[in-house]
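Here are two short exercises to work through with the model open in your viewer. Try each one before reading its solution.

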Amino acid sequence: MSKQKQIKTVKHTRDILPKDFTTDTSAHSHKFQYVENVAREAFRRYGFQEIRTPIFEYTELFARGVGEETDIVSKEMYTWRDLGENNTPGAGASLTLRPENTASVIRAYIQHQMWVQSDLAKLFYVGPQFRREHGRKGRFRQFYQIGVEVIGKSDHPAIEAEVIEMLAWILQELKIENTSLLVNSVGCPKCRPLFNERLKEELAPKLAEMCGDCNRRFETNILRVLDCKRDVEIVAQLPSIQDLLCQECQTHFSEFCSYLDARQLKYQVDPKLVRGLDYYTRTAFEIVTTNENLGSQNALLGGGRYDGLSETLGGPPTKGFGFALGLDRFVISLPETVPDPSTPTVFIAHLGKEAFDFALLLAKSLRQAGISCALDFEGRNLKNSMKLADRSKARYALIIGEEELAKAKFVLRDMVSREQFELTEAELLEKLKN
Ligand code: AMP
């Protein structure tokens, strides 16, 4: 170690590492990969295409899209002034690291006029999001989300049920258990203002007893009072939005529920479920878990309908529905062991200079045939080479010494069953390919 001061990750950010380099199983990169691969397979089956938007945008996008008064925009964004060069357009503009991806996807939908090509754009994204967190357990300043958006002409509730069906498949495939689906309707611009009025009437006399956040939300975003974890008794007495939905919202919600029923997807209607972003209309949902590793941060994912967001961002009237899942929280919820694609199929133990040279070329042939293999570059004895093979968790060890070279037959040891086979190079390739 040198005398220079070490530089570490910024507080509440972290490295996601290969499992060999950390005992923190929630930071194992192969687990992130595994969840991503399962999600990508789901997206292939359900016809979603990938979109990658920049990780920073004009601040105004989030201010207008997510809502000035939301916690995310008012407290949690990383925002700076772009220095730019003298007289470059946009110099001095306010820029922000994306705290979520939906606003960016809608921005892209409008910018690229996607409605011209397709009545319904089905998009997915995978990537980091940034929020100024202050050490609440399970919340990071850079965290990873996978999300989908269904954007276009249709607001059919069957779209919503299909997306949730896909999520149920992802959870089942990942063997994430002990989850519940919570659903609600947050109304539309026609009925929500009436509900907000009712809330105002009910809450005004009780404000003095309520927490600072509730007092602030009373003024800026009263629906969010329903989300308060402190004034639960007062909140429990409030009217239910379910009782005050307009006819269209009621019909939409009951059709949505019947599409879930038809798929035998279990759910609970939670009239207190209001999401933290302003753009939601009608259907809102969350999948929560009782996995104790997540503590109070029990939401694995959340989403809903956001008809009208496109108009807010200067686009045409458009319907939209989507979700974002927290990859970090999915990883914590996985069973202990998941497949690690970086585990080699075969580890080559070579003894002597000639065997080493041969092993290097054999490794090339194996890799070109699609077989993953590892070998080490030090000349070790058989015992130490086998120790390395063990540590690599390779399924097979291949032993090449002078004798094997002379016979042009190699010893393949199955590291699980301990069986050994003597094989020619062609036989070896054949066996490992299967
Ligand atoms: P939201 O965009 O707030 O609806 O969040 C969607 C999902 O992203 C949540 O259900 C969490 O799983 C995850 N998430 C949100 N914020 C964080 C954070 N700061 N750290 C880790 N995961 C997060």
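**Exercise 1.** In this predicted model, which side chain of opposite charge is nearest to the buried Glu100, and how far away is it? Then work out what the Glu100 side chain reaches instead.

*Solution.*
Step 1. The nearest oppositely charged side chain is that of Arg131, 5.9 Å from Glu100. A salt bridge needs a distance within 4 Å, so Glu100 is buried without one.

Step 2. Now place the residue: Glu100 sits in the loop that runs between strand S4 (94-97) and helix H4 (102-111).

Step 3. Look for polar partners. The Glu100 side chain comes to 2.8 Å from the backbone nitrogen of Ala103, and it makes a side-chain polar contact of 2.4 Å with Tyr279.

Step 4. Fill in the surroundings. Leaving out residues up to four places away in sequence, Glu100 touches Phe62, Val66, Gln129, Arg131, Gln145, Leu277 and Tyr279.

**Exercise 2.** Sort out the sheet that contains S4: what is its strand order, and why do S2 and S3 each have one side without a neighbour?

*Solution.*
Step 1. Trace the order: this is an open, three-stranded sheet running S2-S4-S3, with antiparallel pairing.

Step 2. Check the edges. S2 (56-58) and S3 (79-81) each have a single partner strand, so one side of each lacks a neighbour in the sheet. From one strand to the next, the twist averages 35°.

Step 3. Zoom in on one pair. S3 and S4 are joined by three bridges in the antiparallel sense, and Thr79 lies opposite Thr96 in S4.

Step 4. Add the helix: H2 (residues 59-67) packs on the sheet and touches S2, S3 and S4, with its direction at about 75° to that of S2.

How values were computed: Residues numbered from 1 in each chain as written. Predicted model: local features only at pLDDT ≥ 70, side-chain atom pairs only at ≥ 80, totals over all residues. Heavy atoms only, no water. Helix = DSSP H or I, 4+ residues; strand = E, 2+ residues; numbered from the N terminus. Buried < 20%, exposed > 50% of the residue type's maximum accessible area, 1.4 Å probe, protein only. Lys, Arg positive; Asp, Glu negative; His and termini not counted. Polar contact = N/O pair within 3.5 Å; in protein donor to acceptor, adjacent residues only side chain to side chain. Contact = heavy atoms within 4.5 Å. Pairing = 2+ DSSP bridges. Axes fitted to C-alpha atoms, helices over the stretch in contact; angles between N-to-C directions.
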